[in-house]
There are 2 protein chains.
Amino acid sequence: MKLPSTVMENAVNSFARLPGIGKKTALRLVLHMMKQDKDVVQGFSESMLRLKDSIHYCVKCHNISEAELCSICSSGSRNKQLICVVAGLRDLLAIENTQQYNGTYHIIGGVISPVEGIGPEALQIDSLLNRLKNEDVNELIMALNPTIEGDTTSFYIAGQVKRSHPEMKISTIARGVAFGGDLEYTDEITLARSLAARLPYRINKEDEW
Amino acid sequence: MKLPSTVMENAVNSFARLPGIGKKTALRLVLHMMKQDKDVVQGFSESMLRLKDSIHYCVKCHNISEAELCSICSSGSRNKQLICVVAGLRDLLAIENTQQYNGTYHIIGGVISPVEGIGPEALQIDSLLNRLKNEDVNELIMALNPTIEGDTTSFYIAGQVKRSHPEMKISTIARGVAFGGDLEYTDEITLARSLAARLPYRINKEDEW
């Protein structure tokens with residue numbers, strides 16, 4: 001598509017380089033931008049620049065942070081003895097959104113995937129082992145995606161941790177049928193796992209498990 | 001969703017204000033941006049700013065332009081006696097992409113739509129009538145969307161033009177079944193119109209119509 005202005009073409013190309021945005025969507029966004037007031041566009045532009053200038057990663061858990069330690073690692077009200085291992089920031093945000101978890105995190109930055117050429121050395125596993133050495137941690141929760149790659153990575157990390165910290169409690173988030181799900185359409189692996197990992201039925205909160 | 005950094009939150013909100021982009025997509029775009037080199041982000045940011053600074057509208061046809069006249073209006077090789085009336089820039093680009101049209105355009109900026117509160121005075125119809133007065137035009141092609149609003153707008157413009165220029169040739173782009181379409185699934189209005197507006201079948205290019 002030939003555009004009537006090179007400035008506009010540059011803007012369309014800038015948008016079209018973003019993931020999931022094609023040329024037509026990019027053009028729609030640029031036309032939208034052009035209709036906005038100048039200060040809106042300036043604000044947009046500046047918020048992008050500031051992204052690169054003032055955002056860093058937490059030296060402990062690799063969460064995004066504006067200071068050396070992220071808000072979770074520096075918080076006084078979080079349980080520092082509990083580390084939840086997640087693949088990326090979006091998983092951390094998903095768990096934070098439940099408002100049910102009060103420990104800290106460790107973002108390893110992905111999962112082991114031979115197909116994509118990602119080995120364990122590309123992940124933040126060494127820094128996790130270092131944290132276990134230097135901090136007083138008593139449980140590690142593996143919260144990686146329930147896929148082959150996620151399971152492989154959990155298995156690898158658990159092996160490494162057990163070697164240096166044989167007493168460490170390692171758990172993994174529960175697998176089973178999702179809330180609101182439909183047994184009829186649940187895949188066999190999930191259904192078989194949720195049968196094998198069945199829980200005692202509690203009528204009252206106080207009941208014994 | 002609570003983000004770990006206000007800078008990041010600003011960037012996500014900036015993206016989420018764009019049409020068709022929700023919070024989750026915005027977060028994905030921001031995370032992508034953060035992974036880019038600084039000069040890529042700077043380039044993106046600058047191309048947005050330049051949009052507002054150096055893009056204007058052609059004083060004649062309201063196409064986007066970096067100068068007073070757009071590249072089409074100032075071109076020596078276009079037929080200035082032919083004006084194609086379109087609703088917006090995207091329609092202009094679609095017609096330009098066919099590479100079959102050699103006249104000029106007039107962007108009216110929308111269609112008459114009482115539901116959305118857009119009356120004829122909100123469109124660039126007066127400036128079209130002015131062009132007809134001052135320029136040597138002999139045909140007006142109405143190329144608005146084939147909808148109720150588009151047809152209403154064409155009808156209104158044609159009436160205005162005929163009042164001041166009774167001799168003006170006014171045409172409209174052909175309606176009918178689309179190339180590659182399926183008669184079975186074509187709606188009744190389109191099919192009835194394409195029957196009523198049937199054309200003589202040409203075996204050779206030289207055949208009489």
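This is a short walk through the symmetry, a charged patch and two unusual backbone angles in a predicted two-chain model.

A word on conventions: residues are numbered from 1 along each chain as its sequence is written, and chains are lettered from A in the order in which they are written. In this predicted model, local features need pLDDT of at least 70 and side-chain atom pairs count only at pLDDT 80 or more, while totals for chains, interfaces and linings use all residues, and side-chain values use heavy atoms, without hydrogens or water.

Let's start with how the chains relate. Chain A superposes on chain B (least squares on C-alpha atoms of residues with pLDDT of at least 70 in both) through a rotation of 179° with 0.0 Å of shift along the axis, at an RMSD of 0.1 Å. This is the relation of a two-fold axis. Within chain A, Ser45(A) has the C-alpha nearest that axis, at 2.2 Å.

Now turn to the surface. Lys24(A), Arg28(A), Lys35(A) and Arg90(B) form a positive patch; here, Lys and Arg count as positive, and patch members have over 30% relative accessible area and no salt bridge (a side-chain nitrogen of Lys or Arg within 4 Å of a carboxyl oxygen of Asp or Glu), with like charges joined within 9 Å. The charge is placed at NZ of Lys or CZ of Arg, and areas come from the Shrake-Rupley method with a 1.4 Å probe, only the protein chains shown counting as cover. Helix α2 of chain A (residues 23–35) gives the largest share, 3 residues; helices are DSSP runs of H or I, at least four residues, and strands are runs of E, at least two, numbered from the N terminus. Arg28(A), in this helix, is partly exposed at 32% (buried is under 20% relative accessible area, exposed over 50%, partly exposed in between).

Finally, look at the loop between α4 (89–98) and β4 (103–107) of chain A, where Gln99(A) sits. Gln99(A) has a positive phi of about 55° although it is not a glycine, and is exposed at 70% relative accessibility. Gln99(B), in the loop between α4 and β4 of chain B, also has a positive phi of about 55° and is exposed at 71%.

Definitions and conventions. Patch = residues over 30% accessible without salt bridge, like charges linked within 9 Å, V, L, I, M, F, W, Y side chains within 5 Å. Buried < 20%, exposed > 50% of the residue type's maximum accessible area, 1.4 Å probe, protein only.
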